[in-house]
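Hi,

Here is the structure I promised to pass on. Have a look at it first, and then read my notes below.

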Amino acid sequence: MAVPKFTTEEIPEVGVEGRREPERAKERLEMVSSQIEARGVRNPRVLEAMRQVERHRFIPADGQALAYRDGPVAIGQGQTISQPYIVACMTEVLEPQPSDRVLEIGTGSGYQTAVLAELVAEVHTVENVERLARRAETILSQLGYDNIRLRLGDGHHGWPEAAPFDKIIVTAAPAKTPKVLLDQL
């Protein structure tokens, strides 16, 4: 399902034709060193993805000053972008391989999605909050990710018509893992 786009007034500026800019690179490198490597994340590909993905791009303008601090940040709709260490830890545990097709449940800001897209062949991601899905899709598109498919819907159902997946990551944790997700592996 295509998700309608935001107007340019509603999304952070990404740069000319979506190209990445070195803005805030020092903060990003320090974040990886002090918050992620220092806590034991060792996968070199995960560390490099965390160095590359500009976390501030996924945070509304009023919270961007907090982008590289050690904690979650509000992204609207009562949701947060996860702490950088949690994103790195979850990604490392997933053991992403370049040929993997991954299903992500809970797109949120799209930050975890972008980190995964740096590491795997294809990411299918499901978000149930329309405003977050629209915003994430716009930002991911502007940043040039072409290996991501986003669906607005209930993550408890996964994405059966795109299954099977090599890996599934659930960033919005349910009380119990739905069997239908396990069936899509």
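**What I found**

Strand 3 and strand 4 (residues 122-127) run parallel to each other, paired over five bridges. One pair to look for is Val-102, whose bridge partner in strand 4 is Val-123. To get from strand 3 to strand 4, the chain passes through helix 4 (residues 111-117), and this β-α-β crossover is right-handed. Before you go further, please keep in mind that this is a predicted model.

Strand 3 has another partner too: strand 6 (residues 167-170) pairs with strand 3 in the parallel sense, over four bridges. Here Glu-104 stands opposite Ile-169 of strand 6. As for how covered strand 3 (residues 101-105) is, four of its five residues are buried.

Next, the hairpin. Strand 1 (residues 73-76) and strand 2 run antiparallel and are joined by three bridges. Within that pairing, Ala-74 sits opposite Thr-80 in strand 2. The hairpin has two residues between the strands, and Gln-77 takes a positive phi near 60° there.

Now a single residue that is worth a click: Thr-91, in helix 3 (residues 84-94). Is Thr-91 buried or exposed? With a relative accessible area of 0%, Thr-91 falls under the 20% cut-off, so Thr-91 counts as buried. What is Thr-91 in contact with, once neighbours within four places in sequence are left aside? The answer is Val-46, Pro-96, Gln-112, Val-115, Leu-116 and Leu-119. Gln-112 and Val-115 should be easy to find, as helix 4 covers residues 111-117.

Finally, the largest pocket. It holds about 480 Å³ of space. The lining is made of 31 residues, and those closest to the pocket's centre are Ile-105, Gly-106, Glu-127, Thr-171 and Ala-172. Which elements give two or more residues to this lining? They are strand 2 (79-81), helix 3, strand 3, helix 4 and strand 4. By residue type, the lining divides into 14 nonpolar, 14 polar and three charged residues.

If you want a route through the model, start at strand 3 with its parallel partners, strand 4 and strand 6. Then follow the chain through helix 4 to strand 4, and end at the largest pocket, with Ile-105 and Glu-127 among the residues closest to its centre.

Cheers

Definitions and conventions. Residues are numbered from 1 along each chain as its sequence is written. This is a predicted model: local features need pLDDT of at least 70, side-chain atom pairs count only at pLDDT 80 or more; totals for chains, interfaces and linings use all residues. Side-chain values use heavy atoms; hydrogens and water are left out. Buried means under 20% relative accessible area, exposed over 50%, partly exposed in between (1.4 Å probe, protein chains only). Two strands pair if DSSP finds at least two bridges between them. A crossover is right-handed if, with the strands pointing away from the viewer, the path from the first strand over the helix to the second runs clockwise. Contact means heavy atoms within 4.5 Å. On a 1 Å grid over the protein atoms alone, a cavity is a set of points where a 1.4 Å probe fits but cannot get out, and a pocket is an open set with protein on both sides within 12 Å along at least five of seven lines; lining residues have an atom within 4 Å of a point. Grid points are joined across faces, edges and corners, and a volume is the space filled by probe spheres set on the points. Ala, Val, Leu, Ile, Met, Phe, Trp, Tyr, Cys and Pro count as nonpolar, Asp, Glu, Lys and Arg as charged, and the others, Gly among them, as polar.
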